[in-house]
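I am opening a notebook on a structure that is new to me, and I want to write down what I look up, step by step. The entries follow below.

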Amino acid sequence: TAGLLTGSAMGAMAGVVPAVLTFGLSIPMGAALGGGAGLCLGAVSGSAVGWLGGGYVGFTRRERLHSSLGGAKARAANIAFLVKDKASSSAMYVKTRLAADRGGTD
């Protein structure tokens, strides 16, 4: 948004010079063109800085990230086991209750 606002302001200022010849239409056209250019340049520069910064942090802390990922995998496997166990015992409970309500044992 900063690139859009800055580009629009710069484009409007640049459009003031030929405004006499274009009956003032160069001001909004300059603002639109400058805003579009500022938006594009801001998006490109912000993406590049984020990509480089994230890559640097990921590279410098790769051992720590790798060990954290191993711990997260272990916790996820443990939770999956607990959920599976709970679902199995719940299914057995429901099956037993239905059998008892029908008067049977199976």
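**Entry on terms.** Before placing any residue in a loop, I noted that helices and strands here are DSSP runs, numbered from the N terminus, with at least four residues for a helix and at least two for a strand.

**Entry on confidence.** I am reading a predicted model, and I looked up how confident the predictor was before going further. The mean pLDDT of the protein chain is 88, and 97% of its residues reach 70 or more. Among the elements of the chain, I found the lowest mean pLDDT, 89, in H1 and the highest, 91, in H2. I keep in mind that predicted coordinates should not be read in detail where pLDDT is low.

**Entry on the loop.** I then turned to Phe23, which lies in the loop between H1 and H2. Its phi is near 55°, a positive value in a residue other than glycine. Is Phe23 buried or exposed? With a relative accessible area of 77%, Phe23 is exposed, because the cut-off for that class is over 50%.

**Entry on H1 and H2.** Next I looked at the two helices on either side of that loop. How do the axes of H1 and H2 cross? Helix H1 covers residues 2–16 and helix H2 residues 26–60, and their axes come within 6 Å of each other, crossing at roughly 150°. Angles over 145 degrees count as roughly antiparallel, and H1 and H2 are therefore roughly antiparallel to each other. I also noted that their crossing is right-handed. On the H1 side the contact is made by Gly3, Leu4, Gly7, Ser8, Gly11, Ala12, Gly15 and Val16, while H2 contributes Ser26, Ile27, Gly30, Ala31, Gly34, Gly35, Gly38 and Leu39. Sorting the residues of this contact by character, I have six nonpolar, ten polar and no charged.

**Entry on H2 and H3.** I went on to helix H3, residues 62–102, whose axis comes within 4 Å of that of H2, the two crossing at roughly 75°. That angle makes H2 roughly perpendicular to H3, since the class runs from 65 to 115 degrees. The contact here involves Gly58, Phe59 and Thr60 of H2 together with Arg62, Glu63 and Leu65 of H3. I divided the residues of this contact into two nonpolar, two polar and two charged.

**Entry on Ala77.** Last, I looked up Ala77, which is found in helix H3. Ala77 counts as partly exposed, with a relative accessibility of 48%. How far is Ala77 from Gly35 in space, C-alpha to C-alpha? The two are 50 Å apart by that reckoning, and 42 residues apart in sequence.

Definitions and conventions: Residues numbered from 1 in each chain as written. Predicted model: local features only at pLDDT ≥ 70, side-chain atom pairs only at ≥ 80, totals over all residues. Heavy atoms only, no water. Axes fitted to C-alpha atoms, helices over the stretch in contact; angles between N-to-C directions. Parallel < 35°, antiparallel > 145°, perpendicular 65-115°, else oblique. Left-handed = near helix turned anticlockwise from the far one by under 90°. Contact = heavy atoms within 4.5 Å. Nonpolar A, V, L, I, M, F, W, Y, C, P; charged D, E, K, R; others polar. pLDDT = per-residue confidence, 0-100. Buried < 20%, exposed > 50% of the residue type's maximum accessible area, 1.4 Å probe, protein only.
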